[in-house]
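Welcome, and thanks for opening your viewer alongside this tour. Each stop tells you what to select and what you will find there.

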Amino acid sequence: MIKSYISITKPGIIIGNLISVAAGFFLAAKTEAASASLLAYTLLGVACVIASGCVVNNIFDRDIDSKMDRTRNRVLVQDGLNIDHVFIYAVALLLGGTAVLYRMANPLSAVVVLLGYVFYVFFYTMWYKRTSVYGTLVGSVSGAVPPLVGYLAVTNYISLDAVLLFALFCLWQMPHSYAIAMFRMQDYREAGIPVLPVVEGINKARKHMQAYVVAFSVVALGLFLLGNGGYEYLAVASAVCLMWTRVTFRKMTADNYVDWSKAVFKTSLLVVMGISTVLGVELIPLTI
């Protein structure tokens with residue numbers, strides 16, 4: 001039972017987002033006082049809110065999850081838990097996570113995480129994901145909120161660094177998500193989810209992915225030129241952006257698009273891990 005309740009929070013998604021939270025926190029901590037305890041509370045608060053969003057996603061997507069190979073065995077699709085209890089669980093996670101951020105960080109971070117939650121649950125999960133090819137774009141907004149919350153937990157104000165960080169992760173989400181949609185096209189087609197590769201074809205999706213990777217690289221450079229990214233950041237960001245650009249601009253055909261999209265996806269993970277890690281490495285030691 002406990003394992004089932006943990007699984008519907010999608011731990012993998014939580015961990016991935018917490019890495020970006022830490023990246024935003026470390027970037028802000030270069031110019032503002034921060035502590036290890038604040039980092040821990042920020043991670044806890046964001047983790048609970050993300051977990052709540054994932055639980056609601058599991059509840060709402062049971063119909064389409066049952067049509068996709070990778071999701072048809074999820075707990076709620078198999079009626080493994082009481083839906084009323086699961087909904088209460090989601091509400092408790094949302095309230096608990098928001099309260100932690102409000103009390104232990106600051107009200108601004110709590111408000112922003114709630115805005116991200118609204119985008120993910122209402123605009124993405126309940127609306128655009130099912131009805132529009134722009135669902136991925138809407139989802140990218142909520143996906144870029146965690147690093148912004150990490151930043152705001154330290155500063156309590158929005159700066160140019162915060163805007164660049166938000167834009168960076170918004171742009172990263174797009175080729176990352178399109179790559180998944182491309183190598184899982186059959187699943188999305190059977191579930192009736194209008195992602196770009198299904199609606200407009202793989203060639204148009206590829207062109208969009210290339211444009212987003214170039215835009216991502218420009219913003220990543222901007223974080224050094226206009227923000228507080230240091231020389232270590234510049235070196236790592238340049239390396240991973242060059243790597244992602246080379247992979248994305250490789251030749252793609254109807255015969256190799258699955259392998260091509262998987263390569264773009266795997267490289268996107270290296271990109272976000274590299275940038276998030278170097279921001280932490282550049283940081284002076286946190287106070288207790």
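**Stop one: H3 against H8**

Start by selecting Leu38, Thr42, Val46 and Ile50 in H3, then add Pro146, Val149, Gly150, Ala153 and Val154 in H8: these two sets of residues meet each other. Keep in mind as you look around that this is a predicted model.

Now show both helices in full, residues 36–60 for H3 and residues 145–155 for H8. Their axes lie 10 Å apart, and the packing angle is about 145°. Turn the view to look through one helix at the other, and you have a right-handed crossing of H3 and H8. Colour the contact by residue class and you will get seven nonpolar residues, two polar ones and no charged ones.

**Stop two: H2 against H14**

Next, select residues 11–28, which form helix H2, and residues 257–281, which form helix H14. At what angle do H2 and H14 pack? The angle is about 35°, and the axes are 8 Å apart. Here H2 passes H14 in a left-handed crossing.

For the side chains, pick Ile19, Ser20, Ala23, Phe26 and Leu27 on the H2 side. Their partners in H14 are Met273, Ser276, Leu279 and Gly280. Sorted by class, this contact of H2 with H14 comprises six nonpolar and three polar residues, with no charged ones.

**Stop three: the cavity**

Stay with H14, and switch on a cavity display if your viewer has one. How many cavities of 30 Å³ or more does the structure hold? There is one, and the volume of the largest cavity is about 40 Å³.

To see what surrounds the largest cavity, select Leu168, Phe169, Trp172, Phe216, Val271, Val272 and Ile275. Two elements each give two or more residues to this lining: helix H9 (160–183) and helix H14 (257–281). The lining of the largest cavity has seven nonpolar residues, and neither polar nor charged ones.

**Last stop: the whole protein**

Finally, zoom out and switch to a cartoon view. You should count 14 helices and zero strands. The radius of gyration is 19 Å, close to the 19 Å that the globule rule gives for 288 residues, so the protein is as compact as a globular protein of that length. If you draw a box along the principal axes, the C-alpha atoms fill roughly 50 × 50 × 25 Å.

How values were computed. Residues numbered from 1 in each chain as written. Predicted model: local features only at pLDDT ≥ 70, side-chain atom pairs only at ≥ 80, totals over all residues. Heavy atoms only, no water. 1 Å grid on protein atoms, 1.4 Å probe; cavity = no way out; pocket = protein on both sides within 12 Å on 5 of 7 lines; lining within 4 Å. Points joined across faces, edges and corners; volume = space filled by probe spheres on them. Helix = DSSP H or I, 4+ residues; strand = E, 2+ residues; numbered from the N terminus. Nonpolar A, V, L, I, M, F, W, Y, C, P; charged D, E, K, R; others polar. Axes fitted to C-alpha atoms, helices over the stretch in contact; angles between N-to-C directions. Left-handed = near helix turned anticlockwise from the far one by under 90°. Contact = heavy atoms within 4.5 Å. Rg over C-alpha atoms; globule rule 2.2 N^0.38 Å.
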